[in-house]
Amino acid sequence: MARRALITGITGQDGSYLAEHLLDQGYDVWGLVRGQANPRVSRVRKLLQDVQLVRGDLLDQGSLISAVERVQPDEVYNLGAISFVPMSWEQAELTAEVTGMGVLRMLEAIRVCSGITSSRAAGSGQIRFYQASSSEMFGQVRETPQNERTPFHPRSPYGVAKAYGHFLTQNYRESYGMFAVSGILFNHESPRRGAEFVTRKVSLGAARIKLGLASELRLGNLSARRDWGYAGDYVQAMRLMLQADAPEDYVIGTGRTQSVRELVVAAFEAAGLDWERYVVADQALHRPAEVDLLCADPKKARVQLGWEPSVPFEDLVAMMVESDIKLLSDGGDPDQDSSWP
Ligand code: NAP
Ligand code: F7E
């Protein structure tokens, strides 16, 4: 019988790529969607026609229990979150509730539906759980590159909420014997990336300028460095973690680091433009506390899972710029959620 997966965050970047990957692998895929009339659901219906939808919200314990009871999943991927770091300062409590407490509610739904108590641990045939942890937990980094043993020093309410979810996942594994793991994923991008994140802001900015639709691009801190990879590669690592013999956490990244300035140079070059004529550095876009440098050490994933990234940074940036030039040339509106390449 086909394995059955439940994905929270199905309307997001990773949810879409993971659903496609699991469908390719022969899974029955279910996506949790929230809200009465969520406009982002239409793009899931359009792009992921074989995904079945179930209503639920990470803020609502009962809805998660109902979703798990209805779907009877073999695997749960918890990708739902408030994931935009600047928003986590503006709505810190909501971020704690969704990105942090949401993990507790999802783990509790699995525990309750599986009949696991402190005296009755999870057995074979248990639901396997994946938590979307983040390199933002490393924050002000204690060493470079960062691996599974590097201590955390989060720099935003988002990073703090993710650290809570990370430790809780570890704790449910230790307390109840659940197959619960975290992937500590470094930044990963694609043509489906939200327009508020820097890679997509830059690829859209370069595309708009190329097509004469804009004359400048305002950015914040150009010196911050990130380890950027391709989202399509990273969702494969999520599935591999849940197929492993033992539940363990893994760092997923490329092992290369680039600055925002290098991102801008690559994107404008891909569009055939001189970036210095168009990019304006804006102090108002700097964050209250910045994560200056991230660089992964993905050796454990390579050795134990056989996972490797396949798209180099320059190709990723070119892919995003080309996709946005096409999207805008075809009259698509990146702010309209129905246009998802
Ligand atoms: P994304 O595009 O921002 O998607 C976030 C998803 O969370 C959306 O589907 C959103 O649904 C859902 N969500 C928000 N509030 C919710 C709630 N109350 N209940 C249920 N779902 C809710 O994020 P992404 O880039 O795909 O990332 C996926 C996960 O990986 C996130 O947890 C993120 O924090 C984490 N992560 C991402 C990266 C990265 O570089 N992309 C790196 C490390 C970790 P709506 O459409 O209903 O708003
Ligand atoms: O910023 C700098 C900014 O918003 C990257 C999320 O998926 O990855 C993502 O978090 C860097 C930061 O991603 C602008 O200051 C400069 O240093 O694309 P971002 P993020 O904050 O790294 C992690 C792993 C996650 O888990 C998160 O969910 O770029 N930057 N100028 C800018 N950033 C933005 N957004 N906009 C600018 O204008």
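Me: Why is threonine 150 called buried?

Reply: In this predicted model, threonine 150 has a relative accessible area of 3%, and because buried means under 20% relative accessible area, threonine 150 counts as buried. Threonine 150 is found in the loop between strand 5 and helix 6, and, once its neighbours within four places in sequence are left aside, it is in contact with Phe138, Glu143 and Pro145.

Me: What makes the peptide bond between threonine 144 and proline 145 a cis one, and where is proline 145 placed?

Reply: The bond that joins threonine 144 and proline 145 has an omega of about 0 degrees and is a cis peptide bond. Proline 145 has its place in the loop between strand 5 (128-134) and helix 6 (157-176), and this proline is one of the residues that threonine 150 contacts.

Me: Why does glutamine 72 count as exposed, and what is given for its phi?

Reply: The relative accessibility of glutamine 72 is 55%, and since exposed means over 50%, glutamine 72 counts as exposed. Its phi is positive, at about 50 degrees, although glutamine 72 is not a glycine. The residue lies in the loop between helix 3 (61-71) and strand 4 (75-78).

Me: Is proline 73 buried or exposed, and how do you know that?

Reply: Proline 73, which lies in the loop between helix 3 and strand 4, has a relative accessible area of 6%; buried means under 20%, and therefore proline 73 is buried. Leaving aside neighbours within four places in sequence, proline 73 is in contact with Arg4, Leu6, Val68 and Ile127. Proline 73 and arginine 3 are 70 residues apart in sequence, while their C-alpha atoms are 7.7 Å apart in space.

Me: Why is phenylalanine 186 counted as buried, and which residues does it touch?

Reply: Phenylalanine 186 has 0% relative accessibility, and because buried means under 20%, phenylalanine 186 counts as buried. It lies in the loop between strand 6 (180-185) and strand 7 (188-189). Not counting residues up to four places away in sequence, phenylalanine 186 touches a set of residues that includes Ser135, Phe138, Tyr234, Ile252 and Leu294. For one of these, isoleucine 252, the C-alpha atom is separated by 6.2 Å from that of phenylalanine 186, with the two positions 66 residues apart along the chain.

Me: What makes a group of residues a nonpolar core, and how many residues has the largest nonpolar core here?

Reply: The members must be buried residues of certain kinds, joined through side-chain atoms within 4.5 Å, and the largest such core has 39 residues. Those with the most contacts inside it are Ile7, Tyr77, Tyr130, Met241 and Ile252. Helix 8 (residues 231-243) supplies the largest share of this core, seven residues. Apart from it lies another core, of 27 residues, among them Val54, Ala67, Val98 and Met178. As for isoleucine 7, the residues it touches, not counting those up to four places away in sequence, include Leu18, Leu22, Trp30, Tyr77 and Leu79.

Me: How many cavities of 30 Å³ or more are there, and which element gives the most to the lining of the largest cavity?

Reply: The count comes to two cavities of 30 Å³ or more, and about 50 Å³ of space lies in the largest. Among the residues that line the largest cavity are Glu189, Thr199, Trp228 and Phe313. Helix 7 (198-210) and helix 11 (313-329) are the elements that give two or more residues to this lining, and helix 11 gives the most, with four residues. By class, the lining of the largest cavity has six nonpolar, two polar and one charged residues.

Me: Which domains supply the lining of the second largest cavity, and how is that lining divided by class?

Reply: The protein chain is divided into domain 1 (4-188 + 230-252) and domain 2 (195-226 + 257-294 + 312-337), and the lining of the second largest cavity draws at least three residues from each of the two. That lining, which includes Val85, Trp89, Arg226 and Glu290, divides into four nonpolar, one polar and five charged residues. About 30 Å³ of space lies in this second cavity.

Me: How do you know that domain 1 and domain 2 are in contact?

Reply: Contact means heavy atoms within 4.5 Å, and 18 residues of domain 1 are in contact with 13 residues of domain 2. The centres of domain 1 and domain 2, taken over C-alpha atoms, are separated by 28 Å.

Key: Residues are numbered from 1 along each chain as its sequence is written. Chains are lettered from A and ligands numbered from 1 in the order in which they are written. This is a predicted model: local features need pLDDT of at least 70, side-chain atom pairs count only at pLDDT 80 or more; totals for chains, interfaces and linings use all residues. Side-chain values use heavy atoms; hydrogens and water are left out. On a 1 Å grid over the protein atoms alone, a cavity is a set of points where a 1.4 Å probe fits but cannot get out, and a pocket is an open set with protein on both sides within 12 Å along at least five of seven lines; lining residues have an atom within 4 Å of a point. Grid points are joined across faces, edges and corners, and a volume is the space filled by probe spheres set on the points. Ala, Val, Leu, Ile, Met, Phe, Trp, Tyr, Cys and Pro count as nonpolar, Asp, Glu, Lys and Arg as charged, and the others, Gly among them, as polar. Domain bounds come from an automatic or database domain assignment. Buried means under 20% relative accessible area, exposed over 50%, partly exposed in between (1.4 Å probe, protein chains only).
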